[in-house]
Amino acid sequence: MKIVTLVKYVPDATADRTFDAADHTTDRAGVDGLLSELDEYAVEEALKIAEAGDGVEIVALTMGPDGADAALKKALQMGADSGVHVVDDALHGSDALATAQVLAAAITKIGDVDLVLTGMASTDGGMSVVPAMLAEHLGLAHVGFVGELTVSGSTVTARRDGDVASETIEADLPAVVAVTDQINEPRYPSFKGIMAAKKKPVETWTLADLGIEAAGVGLDAAFSVVREVTKRPERTAGTVVTDEGDGGVKLAEFLAAQKFI
Amino acid sequence: MAEILVLVDHVDGAVRKTTLELLTLARRAGEPAAVFLGSGFDAARDTLGEYGAAKVYVVEAPELEQYLVVPKAEALAQIAQSSGAGGVLLTSSPEGKEIAARLAVKLGSGVITDAVDVTADLTTTQSVFAGGYTVTAQVTKGTPVITVKPNAATPEAAPATPAEEKVAVAFSDAATKARIVERKPRAATGRPELTEASIVVSGGRGTGGDFAPVEALADALGAAVGASRAAVDSGWYPHAYQVGQTGKTVSPQLYLACGISGAIQHRAGMQTSKTIVVVNKDPEAPIFAMADFGVVGDLHAVLPQATAEIQKRKG
């Protein structure tokens with residue numbers, strides 16, 4: 001069985017993230033990057049499936065600029081077997097549609113993939129649409145927002161907890177599954193894992209390797225455009241009182257003054 | 001005027017409030033046309049008309065309820081193509097985004113998610129980077145597909161008598177690959193839906209696992225209850241109520257954060273709330289920096305007193 005986990009290299013969410021002043025794309029150079037935290041759950045789930053079965057191979061796949069292979073490195077340290085980094089200057093500013101198209105081509109090139117595991121969203125763009133778009137390109141089932149996953153033979157069974165109901169879904173492999181942060185607790189790379197990762201193979205592919213025209217991806221080919229980016233003014237702190245036995249009453253008084261009661 | 005399609009979010013015909021918000025936004029950009037997929041249309045007809053649907057497309061097929069998302073995306077794609085729609089609006093829920101993603105690929109159209117406003121020319125406003133930035137954007141190719149967050153607009157009635165059109169859809173093989181084998185409706189709490197509520201009271205690590213004071217205050221205010229990731233990860237409250245980057249994003253009129261320190265993960269989910277009230281034992285908690293009103297104190301003492309005072313004032 002071959003599992004591909006999608007790993008995205010994102011600007012650290014705890015840092016001061018910003019946009020490129022010229023083209024409104026996410027500034028990926030001025031802020032330290034790392035593996036999107038939500039993708040760690042996908043890597044962990046792949047490792048759990050591998051540990052429970054025989055002959056499971058895990059390929060970590062990322063698309064991003066130079067440096068994005070740091071996301072692959074983390075996945076390899078956690079235990080993935082090999083990595084693929086799709087990198088090409090023409091990809092700068094690609095939207096979700098182009099990203100899904102490129103990732104679908106890479107998964108097809110990897111070949112004989114049974115399961116694609118992804119996080120529920122990236123921690124930067126956060127659209128959550130790439131997994132479903134990928135499935136649409138590949139003609140596969142997609143189950144998103146998965147909190148519990150079982151692989152048995154050629155079927156996956158997944159539980160997803162929605163607003164109005166909890167659903168159990170069955171899908172035939174190959175399939176694309178996006179998991180939430182409720183599904184497991186991602187491991188930290190062990191010393192052994194960190195050492196082993198140095199010897200694991202990482203391939204670097206360009207658009208030409210995937211047979212994709214540069215003109216069809218990147219910022220100029222995007223299907224939507226950012227018009228304006230405005231930094232939200234910092235919230236100014238209001239009144240803070242210390243509870244001296246009357247904190248609840250003061251709170252109620254504030255709510256009443258603001259017409260909430 | 002081009003039709004702006006609104007995918008109706010409903011449970012057996014009970015239309016959710018977000019759909020009324022979408023109809024209100026759609027009216028700015030064109031002629032609102034509701035797309036009702038699944039069973040129960042009789043229960044939805046009057047509501048859709050009351051909020052201005054000039055037309056309703058109805059697709060009834062067992063596949064829509066038996067399989068995940070793809071039949072809905074195929075039905076919507078067919079209607080968008082045959083009607084020559086000027087845009088498609090959906091709710092920004094996991095399902096809404098999955099449908100939007102597949103629809104955008106099928107139509108060869110751009111997609112924008114998590115809009116908090118949509119103008120007459122379908123320019124969207126989004127809040128990004130944990131609420132740190134506001135971005136306006138526009139789809140430039142194909143039929144704009146836009147998912148809109150709850151509370152993006154106040155539903156405005158605009159009574160219309162919608163023309164009804166039943167649509168037959170021939171689903172592809174790809175539509176039946178993910179089977180829904182079980183569906184357990186969530187037990188009703190009697191409280192407003194978290195993402196739709198105008199007041200949210202959330203509890204975090206400071207509750208120590210006891211959400212009773214949080215729930216009591218929520219009920220006194222007619223509010224929804226939320227929880228921080230720390231509280232959810234500790235197993236104190238279900239994930240469906242988690243506010244934050246990996247849970248729900250809320251933007252209510254009033255947000256009360258009780259025993260929550262205010263990590264970026266949580267702030268991402270509530271930063272755009274209009275008024276923020278904080279109760280926390282730790283005066284150094286970063287969340288105080290964004291509070292309009294804060295009480296440094298133990299929520300187990302402050303909340304019950306506030307609840308009692310609110311009940312007294314309400315008589």
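## Overall size of chain B

The radius of gyration is taken here over C-alpha atoms, and the rule for a globule is 2.2 Å times the number of residues to the power 0.38. Chain B has 315 residues, so a compact globule of that length would have a radius of gyration near 20 Å. The value for chain B is 21 Å, which agrees. The model is a predicted one.

Along its principal axes, the C-alpha trace of chain B spans about 60 × 40 × 40 Å. Chain B holds nine helices and 17 strands. Of its 315 residues, 60% are buried. Now take the contacts in chain B between residues at least 6 apart in sequence. Of these, 67% join residues at least 24 apart.

## An annotated span in chain A

UniProt, in an unreviewed entry, places a feature at residues 23-214 of chain A. Its name there is "domain: Electron transfer flavoprotein alpha/beta-subunit N-terminal". In the model, this span is 32% helix and 29% strand. The C-alpha atoms at its two ends lie 18 Å apart.

## Helix H5 of chain B and its partners

Helix H5 of chain B covers residues 94-107. One partner comes from chain A: helix H4, residues 130-138. The two pack at an angle of about 45°, and their axes are 8 Å apart. That angle makes H4(A) oblique to H5(B). The crossing is right-handed. From H4(A), the contact uses A:Ala132, A:Met133, A:Glu136 and A:His137. From H5(B), it uses B:Glu98, B:Ala101, B:Arg102, B:Val105 and B:Lys106.

Another partner lies in chain B itself: helix H4, residues 70-83. Here too the angle is about 45°, with the axes 9 Å apart. So H4(B) is oblique to H5(B). This crossing is right-handed. H4(B) brings B:Val70, B:Lys72, B:Ala73, B:Leu76, B:Ala77 and B:Ala80. They meet B:Ile99, B:Arg102, B:Leu103, B:Lys106 and B:Leu107 of H5(B). B:Arg102 and B:Lys106 appear in the contact with H4(A) and in the one with H4(B).

An α-helix has 3.6 residues a turn, so residues three or four places apart point the same way.

## A covered helix: H1 of chain B

Helix H1 of chain B runs over residues 17-29 and is mostly covered. Eleven of its 13 residues are buried. Among them are B:Leu20, B:Leu22, B:Leu23, B:Leu25 and B:Ala26. The buried set also includes B:Glu21 and B:Arg27.

What covers these buried residues? Strands of chain B are part of the cover. They include E1 (3-7), E3 (14-15), E4 (31-37), E6 (87-91), E7 (111-118) and E10 (145-148).

## Two buried alanines

B:Ala34 sits in strand E4 of chain B. Is B:Ala34 buried or exposed? A residue counts as buried if 20 or more other C-beta atoms lie within 10 Å of its own. B:Ala34 has 30 within 10 Å, so it is buried. Leaving out residues up to four places away in sequence, B:Ala34 touches B:Val6, B:Val8, B:Leu23, B:Leu48, B:Ala53 and B:Val56. B:Leu23 is one of the buried residues of H1(B).

B:Ala220 is placed in helix H6 of chain B, residues 212-221. It has 21 C-beta neighbours inside 10 Å, so B:Ala220 counts as buried. Beyond its neighbours within four places in sequence, B:Ala220 is in contact with B:Thr307, B:Ile310 and B:Gln311. B:Ala285 is 65 residues from B:Ala220 in sequence. Their C-alpha atoms are 26 Å apart in space.

Methods: Residues are numbered from 1 along each chain as its sequence is written. Chains are lettered from A and ligands numbered from 1 in the order in which they are written. This is a predicted model: local features need pLDDT of at least 70, side-chain atom pairs count only at pLDDT 80 or more; totals for chains, interfaces and linings use all residues. UniProt positions are given in the numbering used here, feature names are shortened, and annotations may be inferred rather than shown by experiment. Helices (H or I, at least four residues) and strands (E, at least two) are DSSP runs, numbered from the N terminus. A residue is buried if 20 or more other C-beta atoms lie within 10 Å of its own, exposed if 12 or fewer, and partly exposed in between; C-beta atoms are placed from the backbone. Two residues are in contact if their C-beta atoms, placed from the backbone, lie within 7 Å. Axes are lines fitted to C-alpha atoms, for helices over the stretch in contact, and angles run from 0 to 180 degrees between N-to-C directions. Angles under 35 degrees count as roughly parallel, over 145 as roughly antiparallel, 65 to 115 as roughly perpendicular and the rest as oblique. A crossing is left-handed if the near helix is turned anticlockwise from the far one by less than a right angle, and right-handed if clockwise.
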